[in-house]
Each structure stands twice: as structure tokens, then as C-alpha cells.
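Me: I am new to reading protein models. Can we go through this one step by step, with a reason for each label?

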Amino acid sequence: MNVWGNVKKISVGGMFIGAMVVVGSLSLTGCLTDDKKDDTTPVAKDSVSTKSVTVGAQANNTLGSFIDLDTYSVLKQSAAEAASATVDIVFAFSGSASSSAVYSPDSAKGGIAGGPGLDIAKNLTTVNHTELKTVDAAKFDAAATVEDLNALYAAGTVAANGRLLVSKGFAFGAKTAGGKIVGLKITDVTTSATGEATIQAKAKW
């Protein structure tokens, strides 16, 4: 009787241990599968859209010289004076540099290197400071997301005086007082006080 009793206990104990091993294996396999799914989840990126406007220099009576980057719209002088807080950049002809240029509003009104400033900007009651940077034109063309624009702008060279001299194909970035970053490129330009420029822009509007 004692011998059978011992055999019975061993058999039951062996089955119990085997069950524990199987359950443990199943639990471990399930954990590995969940981790793999989490690691491969794609991260969504914000895409940007492209817009273009045409602006005129200070003696051009047909086109406006002031750009609101939030809506990417052009304002003529009277409209810019009435809504000066919306003006982010100014296009004009620089007589001292004999070049077309884009200005931060505070530099357009206050002048560069002791200069008198632009006549068209004199009556802006609010003058924003828009940080301007020269950026890589090829990377501007390739930019497709907000992350691309942020990297493009971060790698740019800042315009310390708030003015960039521009020509066809020139790319630059602008950071508004509100922190909005916009990539821009001159796609066509006529350099004179009566000239004009077409400026392409990329941003998340």
C-alpha cells in the first residue's frame, strides 16, 4: 500500500510541474509579441502647403509691399497702416545696396545702420520684429513637413540687421513675433524701386 501511495504522489506532482511550465511559456510569448507592435507604430508628421504672392517695391503703385505671414496675404500701404500688427515682412528696393530686399517691419521703419528707414513704413504704429534667416534653397524645395521647415530654419544664417538682400532663387525663412516659422523663396524679381517679386512660401496654415 505504501509503494502505490508514493507512486501516485509522484505522478500528480509531475503533472502539476509540467502545467506550470506550459503556462509560463505562453505568458512569455505574449509579452514579446506586444512589445514588437509598440515599437513599429508610425509617428504622424504635419505636412505643409505652398502658396505664392506677388509684391511690389515702394514706388510700385499697383502692388502692395507688406505681407501678413499668418494668412500669406499682401497689403498695400494704407491697409498695412490700419492693421500694422499683422505685418510680418516688407518688400522694397534698397537704394544703398542697389538691391531688392525683404525687411522685418522694425528694420523697415527704423532703418539699417543709421539709415532713415523706408518712407512706406513710417506710419506703421505697431512694428513687429520678424527674425529672418538665409536658408538652403534645395532643402527649401524638398521640405514637406513642419519638421523639415523647423530643421531648415534652425540651420539658417540670421540677418542681424533685419534685412536680407534678395535675387531670383534666393531662399529664406521667417519667424514671426508669435513664433510661426515660414519658409520662403524668391521665384521671380524685378530689381528697382518700381519693381516686383513673386515669393513662394511653405508653412502649416
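Me: Why is Tyr72 called buried?

Reply: This is a predicted model, so every value is computed from predicted atoms. Tyr72 has a relative accessible area of 5%. Buried means under 20%. The value of 5% falls under that cut-off, so Tyr72 is buried.

Me: What makes Trp205 partly exposed?

Reply: Its relative accessibility is 30%. Exposed needs over 50%, and buried needs under 20%. Trp205 at 30% lies in between, so the label is partly exposed.

Me: How do you know that Tyr72 and Trp205 form an aromatic pair?

Reply: Look at the ring centres. Rings pair if their centres lie within 6.5 Å. Here the distance is 5.7 Å centre to centre. The test is met, so Tyr72 and Trp205 count as a pair. By this rule the count comes to two aromatic pairs.

Me: Why is the pair of Tyr72 and Trp205 called tilted?

Reply: Now use the planes. They stand at 40 degrees to each other. Stacked needs under 30 degrees, and edge-to-face needs over 60. The angle of 40 degrees fits neither, so the pair is tilted.

Me: What makes this a link between distant parts of the chain?

Reply: Tyr72 is in the loop between strand E2 (66-68) and strand E3 (73-75). Trp205 is in the segment after strand E11 (196-203). The two residues are 133 residues apart.

Me: How do you know that Lys51 lies over the face of Trp205?

Reply: Lys51 is at 4.7 Å from the ring centre. The distance cut-off is within 6 Å, and the charge must also be within 35 degrees of the ring normal. Lys51 is listed as lying over the face of Trp205. Lys133 lies over the face of Tyr153, at 4.5 Å from the ring centre.

Me: What makes E4 largely enclosed?

Reply: Count its buried residues. Six of the six residues of E4 are buried, so the rest of the structure largely encloses this strand. Both faces are covered. Ile89, Phe91 and Phe93 are buried on one side. Val90, Ala92 and Ser94 are buried on the other.

Me: How do you know that E2 and E4 pair?

Reply: Two strands pair if there are at least two bridges between them. E2 and E4 are joined by two bridges, so they pair. They run antiparallel. Phe66 has Val90 in E4 as its bridge partner.

Me: Which strands form a hairpin with four residues between them?

Reply: E4 and E5 do. They pair in the antiparallel sense over five bridges. Ser94 stands opposite Ser99 in E5. In the turn, Ser98 has a positive phi of about 50 degrees.

Me: In what order do the strands of the five-stranded sheet run?

Reply: The order is E3-E2-E4-E5-E8, in an open sheet with antiparallel pairing.

Me: What makes E3 and strand E8 (163-166) edge strands?

Reply: Each pairs on one side only. Neighbouring strands of this sheet are turned by 30 degrees against each other on average, direction ignored. At the E8 end, E5 and E8 pair over four bridges. Val102 has Leu164 in E8 as its bridge partner.

Me: In what order do the strands of the six-stranded sheet run?

Reply: This open sheet has the order E1-E11-E10-E9-E6-E7, with antiparallel pairing.

Me: Why does one side of E1 and of E7 have no neighbour in the sheet?

Reply: Strand E1 (49-56) and strand E7 (157-158) stand at the edges, each with a single partner strand, so one side of each is left free of a neighbour.

Me: What makes E6 and E7 a pair?

Reply: Pairing needs at least two bridges. E6 and E7 have two, so they pair. Lys133 has Val158 in E7 as its bridge partner.

Me: Where does this sheet have hairpins?

Reply: E9 and E10 form one, with five residues between them. Gly179 in that turn has a positive phi of about 95 degrees. Another hairpin joins E10 to E11 through six residues. Six bridges join E10 to E11.

Me: Which residues are closest to the centre of the largest pocket?

Reply: They are Ser94, Ser96, Tyr103, Ile112 and Arg163, out of 16 lining residues. The pocket has a volume of about 180 Å³. Strand E4 (89-94) and helix H3 (105-110) each give two or more residues to the lining.

Notes: Residues numbered from 1 in each chain as written. Predicted model: local features only at pLDDT ≥ 70, side-chain atom pairs only at ≥ 80, totals over all residues. Heavy atoms only, no water. Phe/Tyr/Trp six-rings, centres within 6.5 Å; stacked < 30°, edge-to-face > 60°. Buried < 20%, exposed > 50% of the residue type's maximum accessible area, 1.4 Å probe, protein only. Axes fitted to C-alpha atoms, helices over the stretch in contact; angles between N-to-C directions. 1 Å grid on protein atoms, 1.4 Å probe; cavity = no way out; pocket = protein on both sides within 12 Å on 5 of 7 lines; lining within 4 Å. Points joined across faces, edges and corners; volume = space filled by probe spheres on them.
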